[in-house]
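Please open the model in your viewer and keep the selection panel at hand, as this tour moves from one selection to the next.

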Amino acid sequence: MKIVALLKALAGNGLILLGLFACLLITTSPAMALRELDPNAGVVEVLQMPVTKDQTSCWRTAEAEVWEPWLEKQSGYQGRELLWDRDRQQAVVLIGWLSQSEWDAIPAGSIKKTENRFDRVLQRCLGSGASKPLPLQRTGSLQPIQ
């Protein structure tokens, strides 16, 4: 199981807090790794959003079409994990960055443009008129314990 292997790797590399966080939020949930999160990431971005069972296919498609190609072009990108909690009907995205400074260096306009494209792909796939079909509930970051 990818989640168990990821959590073991994270714990072995000092990211115990991230492992505990993921266990609490995502116990027994399916995971999808487009480019697996590097356990040596210096900082992990955490995003949480509501995603119902009926929305998971559109969400995963939009992530693969929009965010993954964009992330691959960013300096310091260290992979990510897409996690879904079927009981809470929510998704958690963990994105690894080499450092906080490399993550912070990404122009806000580039992020906004990519968010808008992601929302358009979701709108078409879901048949939704909502400007933010899957709005972020929480954002944050975690750092390894030194």
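The stops below cover confidence, the nonpolar cores and a disulfide.

Begin by colouring the chain by pLDDT, since this is a predicted model: the chain average is 82, and 75% of the residues score at least 70. Then select residues 1-33, where the pLDDT is below 50, although the model gives this stretch 61 contacts beyond near neighbours in sequence.

Next, turn to the largest nonpolar core, which holds 24 residues and in which W59 and W97 touch the most other members. To display its surroundings, select β2 (43-50), α3 (56-72), β3 (77-85), β4 (90-97) and α5 (108-126), the elements that each give two or more residues to this core; α3 supplies the largest share, seven residues.

Now centre the view on W59 and show its contacts, which, leaving aside neighbours within four places in sequence, include M49, V51, L82, L83, W84 and A91, as well as V93, F118, L122 and L134. Apart from that core lies another one, of eight residues, and selecting L37, V46, V92 and L94 will bring up some of its members.

Finally, select C58 and C125, which form a disulfide with their sulfur atoms 2.0 Å apart. This pair links distant parts of the chain, with C58 in helix α3 and C125 in helix α5, 67 residues apart. The torsion about their S-S bond is about -75 degrees, so the disulfide is left-handed. With an accessibility surface switched on, compare the two ends: C58, at 8% relative accessibility, counts as buried, whereas C125 is partly exposed, with a relative accessible area of 42%.

Conventions
Residues numbered from 1 in each chain as written. Predicted model: local features only at pLDDT ≥ 70, side-chain atom pairs only at ≥ 80, totals over all residues. Heavy atoms only, no water. Core = buried A, V, L, I, M, F, W, Y, C linked by side-chain atoms within 4.5 Å. Buried < 20%, exposed > 50% of the residue type's maximum accessible area, 1.4 Å probe, protein only. Helix = DSSP H or I, 4+ residues; strand = E, 2+ residues; numbered from the N terminus. Contact = heavy atoms within 4.5 Å. pLDDT = per-residue confidence, 0-100. Disulfide = S-S within 2.5 Å.
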